[in-house]
Amino acid sequence: MRENSDKKGTDKRFSLFVSILVIFCIFGCVVFFVSRRISREMSTAAIQNLNEKLDLVKCTIESIWKNGAEFQKLMAQELAEREDLEEYIRSYQRNQSMVKISLIRAGETKGISSTGESFSEKGMAFTPSGMIQDMEVSRSYINYMGTWAYTIKCPVERDGEKLGWLYVEYTYDSLDQSLPDGFYNKQAMLYIMDVKTERFVLKPKGMGERNAGHLNLEDFYRANDIYEEDLRGQINSCVQNRKDMMFYHEIRGRNSLNFIWMVNDGTVCLIGYVPTEAIQQEAKTVTYNIIVVVAVMMSAFILCCILYYMNQRQHRRIMREREAEREEHNKQLKEALHAAQLASNAKTMFLSNMSHDIRTPMNAVIGFTTLLSREAENPDKVREYTKKIMASGQHLLSLINDILEVSKIESGKVVLSEEEFAMDDLIASIDAIIRPMAGAKEQEFHVEIKDIRHEYLLGDETRINQVLINLLSNAVKYTQEGGSIWLRFIGLKQHSSQFERIRIEVEDNGYGMTEEYLKTIFDVFTRAENSTTNKVQGTGLGMAITKNLVELMGGTIEVFSEVDKGSLFRVDMELSISEHESGSQAEGSGSDGDPEGVEYNSLQGLNFLAAEDNEINAEILSEILSMEGAGCVIAENGRMVLDRFEESEEGEFDAILMDVQMPVMNGYEATKAIRALARQDAAKIPIFAMTANAFAEDEKEALNAGMNFHLAKPVDVELLKKVVYQYIRKAQERHEE
């Protein structure tokens, strides 16, 4: 009985084991087939996801091209409205995407480019296929910067008449910043290929590690072991017919999904591959979870369902985020286009306003230079023409300085200094400049001072001086001969015991201004226009600079005027009161200050070491010093100046003329290095900054670097003589004594 019972128990356990085994086998089969189905579905979803990513890249590139082409059409329309087409082309400044523009007039085979060289269509192979906004696109090529580029050709038409063709060169590198940063954790590989030439023109950032040999379609075949003739034929047919294509192929031992995705009807195409394991990574995770389901039965199955649901939800969220990113990117492109249009309009207005003022002195310089070459044997004519050329050059230099001053103010680069100055010295310096100008026109110049409580104040004396000279020089210019000009300093009621409130008034009985002009007097490039004032030279920038400087110093400026009765400018400002009570200020302005007004000798017998990287400027400097009887050794950069000074005997050079902006080592670094040398004359030799950086901030930086004086280019020989007398001749006289 027991044996029968044991046998039944064994049979029962065996039956139960078999039943459990069958159940698990059935469940395993169900799980297996379900797993296979899920894997296929997720693989399909992954492929669809790849399609969407490729479409995203495609749409991004096409959107950039479309916006660029629309902007090019706007440029062509603007160009058609201009009379001087070549001037517009030459004045263009390249940006990150549009590196060069060119123009070929109708009926001609060659034109000009913004880079200055001649331009022709030869070798560009424009074709009607793959057009952008109805404009032909050239085949891809390597431009003068060594990067892949393409050119879009746009007609320039005016009233139905074709004036020519506008060519704009774009670089593929500019697309890289707008493309996604990698596919599938950077396991995928993607290139942009020019369909016409089958050359790889761009590998976007973050798209896997690039293989040597991926230069064109043939190299892509070879590097990735694509040797099957049938497959190559299908790919070539796809490229020639400009059709999208996906196929599986083993790439370096890994099964991968390869793709060829056309952009802009086949202008370029996206080509590359994604490893299958990267595509099916999510499916493997689900399969692993299903195995866990088998171990933990139904709870794991429910968990798998939850994971699948979360995965789908995550997928939908990612798709929504990508759509939002695409919309945001399109918005940014529109904003960039709008900004480019505004910049183009501003540039057009700037060129229009500046054209007359620049051409006037330039015409004088060129015209009198031509006359000078013809009258070279007539000393009187040579002196007369040279004087007029110098006057026109000085006017052009003042125009350039005003433009740079406005640029620095608008960019916020103007730095105000707060130093002690004496009101008497300020007024005396202004009087010394303006009174001769007024005397030349037989005008009366009156200076009035009332209720000023403190002699020594703290502020930027240079900027205050600049404001007063701007106002007073305008008063002299726009007042008839025999008129009167008043400069008044009036002390106002103090708001604080630490600040002096001052009102400065500049008044004249000159031509005056209309009410309409008073509304725009402080705008850049504005001048009163009438038969009298048109004869006065000016840039139209002085009042804009004056207003900005006054406001930077915390002051206000007002203007009152009537036609034929005169004008009144009123400046109110507060300046800190200095603790200076004695006349010690004068002690610091002796022989080491401004050399203006001292008696000076010539440059005869002196030897200079000069830093100048420009050959023409170096030749001019050498000739000028030679004419004055001085010697000069030219060095092309700061490093060469330092080396030449170290090699020289002590006392070989009397002074160093130091340019600032130079390659290898600039003037400031070279000066500091010379001052740090372990030789006796290194700390004593006079070093003069001789540079085109002519602002007050540049002068301070030069002095801080260890230079003795700042001379602005062009070289003023008389000022150089004064500086030499101050720092060299006087030192020699003291040494002899």
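**Close-ups of rings and charges**

Eight aromatic pairs turn up in this structure, which is a predicted model.

**View 1. W65 and Y150 pair up edge-to-face.** The ring centres of W65 and Y150 sit 5.4 Å apart, and with the planes at 65° the pair is edge-to-face. The partners come from distant parts of the chain: W65 belongs to helix α1 (residues 2-80) and Y150 to strand β7 (residues 148-158), 85 residues apart. Both ends of the contact are tucked away, as W65 counts as buried at 4% relative accessibility and Y150 counts as buried at 3%. Zoom out a bit and W65 and Y150 join Y170 and Y172 in one aromatic cluster.

**View 2. F709 and Y727 make a tilted pair.** Here the planes meet at 55° and the ring centres are 6.3 Å apart, so this one goes down as tilted. F709 is in strand β25 (residues 709-712) and Y727 in helix α18 (residues 717-736), so the contact ties together parts 18 residues apart in sequence. F709 is buried, at 14% relative accessibility; Y727, at 18%, counts as buried too.

**View 3. K100 and E169 form a buried salt bridge.** The N to O distance between these side chains is 3.9 Å. Since K100 lies in strand β1 (residues 98-105) and E169 in strand β8 (residues 161-171), the bridge ties together parts that are 69 residues apart in sequence. K100 and E169 are both buried. The structure's full tally is 21 salt bridges.

**View 4. E505 and R570 meet inside a salt-bridge network.** The closest N and O atoms of E505 and R570 are 3.1 Å apart. Strand β18 (residues 499-508) holds E505 and strand β20 (residues 566-577) holds R570, so the pair links parts 65 residues apart in sequence. E505 is buried, with a relative accessible area of 9%. The network that includes E505 and R570 also takes in E448, R488 and E507.

**View 5. K565 and E562 form a salt bridge too.** Their side chains meet at 3.4 Å, N to O. K565 is exposed, with a relative accessible area of 60%, while E562 is partly exposed at 46%.

**View 6. Two charges sit over rings: K153 over W165 and R679 over F645.** The charged end of K153 is 4.3 Å from the centre of the W165 ring. In the other contact, R679 lies over the face of F645, 4.4 Å from the ring centre.

Definitions and conventions. Residues are numbered from 1 along each chain as its sequence is written. This is a predicted model: local features need pLDDT of at least 70, side-chain atom pairs count only at pLDDT 80 or more; totals for chains, interfaces and linings use all residues. Side-chain values use heavy atoms; hydrogens and water are left out. A salt bridge is a side-chain nitrogen of Lys or Arg within 4 Å of a carboxyl oxygen of Asp or Glu. Helices (H or I, at least four residues) and strands (E, at least two) are DSSP runs, numbered from the N terminus. Buried means under 20% relative accessible area, exposed over 50%, partly exposed in between (1.4 Å probe, protein chains only). Rings of Phe, Tyr and Trp (its six-membered ring) pair if their centres lie within 6.5 Å; planes under 30 degrees apart count as stacked, over 60 as edge-to-face and the rest as tilted. A charge sits over a ring if NZ of Lys or CZ of Arg is within 6 Å of the ring centre and within 35 degrees of the ring normal.
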